[in-house]
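Trainee: I want to test some labels against their cut-offs. Can we go through them one at a time?

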Amino acid sequence: MSEFDGAPKPVAVDDFELPGVPDAFQRLWTPHRLAYVKGGQEQFSGKHNCPFCEAPGRSDEESLIVRRGELAYVVLNLYPYNPGHLLVCPYRHVPDYSDLTVAETAEFAALSQQAMRVLRQVANPSGFNLGMNQGVTGGAGIAAHLHQHIVPRWGGDGNFMPIIAGTKAITQTLGDVREQVSAAWATASSGTAAGGTAAGTTAAQTPAKGEPNA
């Protein structure tokens, strides 16, 4: 027995007879990510080898970009947690959310909001996970270039496959998802609120004041 605030509570013991006090958390153990987070950072240390800096220099189809703004852009995650997993990235190679200018912050937020609207139109998710992992210790896969995750969620989308088999079932190809999201973004009624040029433009058409890769 253990005591907490003077009230005795039972101690949970697993099959290995290791003690612990139960709480309300469910835990997904992913120790394999430690090697990616710690060791992978050296691969993307500068603008010359950063995938988020290089992506705007290629076509939207090749880079999986769904929307180009003036100061930031939206791209599909190459390794999605769920179909439609988007990343919002500034063109500038900055690591921290506090590094963004006022104008960049406004467009970054507007693109995030519009991404949620578009994904609701395309796939009707019942919820979202939004987040920015800041720094290596914060779990950022590519800590040198700021990016925000927008992950659509549906009831029952988390099952035994990722946990037991280390496998995530993705029902559409990235190319198909990019086409659907890009087309929906272009026709969204409030698309102008998120700023940016028409989907499908090339990096050369990105407004100069965006200063991509600066």
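Mentor: We will take burial, strand pairing and aromatic pairs in turn. This is a predicted model: local features need pLDDT of at least 70, side-chain atom pairs need 80 or more, and totals for chains, interfaces and linings use all residues. Numbering starts from 1 along each chain as its sequence is written, and side-chain values use heavy atoms, without hydrogens and water.

Trainee: Why is Phe108 called buried?

Mentor: Its relative accessible area is 2%. Buried means under 20%, exposed over 50%, partly exposed in between (1.4 Å probe, protein chains only). So 2% makes Phe108 buried.

Trainee: And what is Tyr97, with 35% relative accessibility?

Mentor: Tyr97 counts as partly exposed, because 35% falls in between the two cut-offs.

Trainee: Why is strand 7 largely enclosed by the rest of the structure?

Mentor: 5 of its 5 residues, 86-90, are buried. Strands are DSSP runs of E, at least two residues, and helices runs of H or I, at least four, numbered from the N terminus.

Trainee: What makes strand 6 and strand 7 a pair?

Mentor: Two strands pair if DSSP finds at least two bridges. Here 5 bridges join them, antiparallel, so they pair. Tyr73 stands opposite Cys89.

Trainee: Why is the aromatic pair of Tyr73 and Tyr91 called stacked?

Mentor: Ring centres of Phe, Tyr and Trp (its six-membered ring) must lie within 6.5 Å; planes under 30 degrees apart are stacked, over 60 edge-to-face, the rest tilted. Tyr73 and Tyr91 show 5.4 Å and 25°, so they are stacked.

Trainee: How do you know that Tyr97 and Phe108 are tilted?

Mentor: Their centres are 6.1 Å apart, with 50° between the planes. That angle fits neither of the other classes, so the pair is tilted.
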